[in-house]
Amino acid sequence: MMGVPGSAWALILASGFIGTTFSHIMLYYGIKRIGAVVSSGISLGSPIITLLIARFSLGERMTGSQILGGAVILMGGALLIVARSQSIIDSPTNRTPSKD
């Protein structure tokens with residue numbers, strides 16, 4: 001830490017601040033636009049995307065447990081999205097009134 005110039009620290013802090021701020025803004029926009037359940041389901045893909053970028057850009061090898069974990073995360077996200085879409089279809093506002 002002592003040998004790192006102040007300009008490098010400024011860039012590190014700016015990168016962290018901008019990355020965090022941008023991701024939170026996009027998350028809140030997604031929640032407003034498509035709902036919390038679907039937004040959280042989609043955001044579950046973030047670690048998988050990170051693994052894939054590391055694999056193809058840095059040549060990282062994925063372990064079996066990482067692949068299994070990624071599959072579990074993707075299935076969980078898919079279940080959230082399917083459950084949300086099913087609850088929208090089954091909601092009382094989407095039912096047609098009966099002709100009694």
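**Note on a predicted all-helical model**

1. Confidence. The mean pLDDT of the protein is 82, and 86% of the residues score at least 70. The model is predicted, and confidence varies between its elements: helix 1 has the highest mean pLDDT, 89, while helix 2 (residues 36–43) has the lowest, 78.

2. Secondary structure. The protein has four helices and zero strands. Read from the N terminus, the order of elements is α-α-α-α.

3. Burial and surface. Of the 100 residues in the protein, 11% are buried. The accessible surface is about 8100 Å², and carbon and sulfur atoms account for 72% of that area.

4. Helix 1. This element covers residues 6–34. Its 29 residues reach 41 Å from the first C-alpha to the last, close to the 42 Å expected at 1.5 Å a residue. Just after helix 1 comes Gly-35, with a positive phi of about 100°.

5. Nonpolar patch. Which residues form a nonpolar patch on the surface? They are Phe-17, Ile-18, Phe-22, Ile-25, Met-26 and Tyr-29, and together they have about 680 Å² of accessible area. One of them, Phe-22, lies in helix 1. Phe-22 counts as exposed because its relative accessibility is 53%, and the cut-off for exposed is over 50%. As background to the spacing of such residues, an α-helix has 3.6 residues a turn, so residues three or four places apart point the same way.

6. Ile-34. This residue also belongs to helix 1. Is Ile-34 exposed or only partly exposed? With a relative accessibility of 40%, Ile-34 counts as partly exposed, since that class lies between the 20% and 50% limits. Leaving aside residues up to four places away in sequence, Ile-34 touches Ser-39 and Ile-42. Helix 2 spans residues 36–43, and the contacts of Ile-34 with Ser-39 and Ile-42 therefore link helix 1 to helix 2.

7. Helix 3. Why does the length of helix 3 (residues 46–58) agree with expectation? At 1.5 Å a residue, its 13 residues should span 18 Å, and the end C-alpha atoms of helix 3 are 17 Å apart, which agrees. Just after helix 3, Gly-59 has a positive phi of about 75°.

8. Glycines after helices. Two entries above concern a glycine with positive phi: Gly-35 just after helix 1, and Gly-59 just after helix 3.

Notes: Residues are numbered from 1 along each chain as its sequence is written. This is a predicted model: local features need pLDDT of at least 70, side-chain atom pairs count only at pLDDT 80 or more; totals for chains, interfaces and linings use all residues. Side-chain values use heavy atoms; hydrogens and water are left out. Buried means under 20% relative accessible area, exposed over 50%, partly exposed in between (1.4 Å probe, protein chains only). Accessible areas come from the Shrake-Rupley method with a 1.4 Å probe; for residues, only the protein chains shown count as cover. Patches are made of residues with over 30% relative accessible area and no salt bridge: like charges are joined within 9 Å, nonpolar side chains (Val, Leu, Ile, Met, Phe, Trp, Tyr) within 5 Å. A salt bridge is a side-chain nitrogen of Lys or Arg within 4 Å of a carboxyl oxygen of Asp or Glu. pLDDT is the predictor's confidence in each residue, from 0 to 100. The expected span of a helix is 1.5 Å times one less than its number of residues. Contact means heavy atoms within 4.5 Å.
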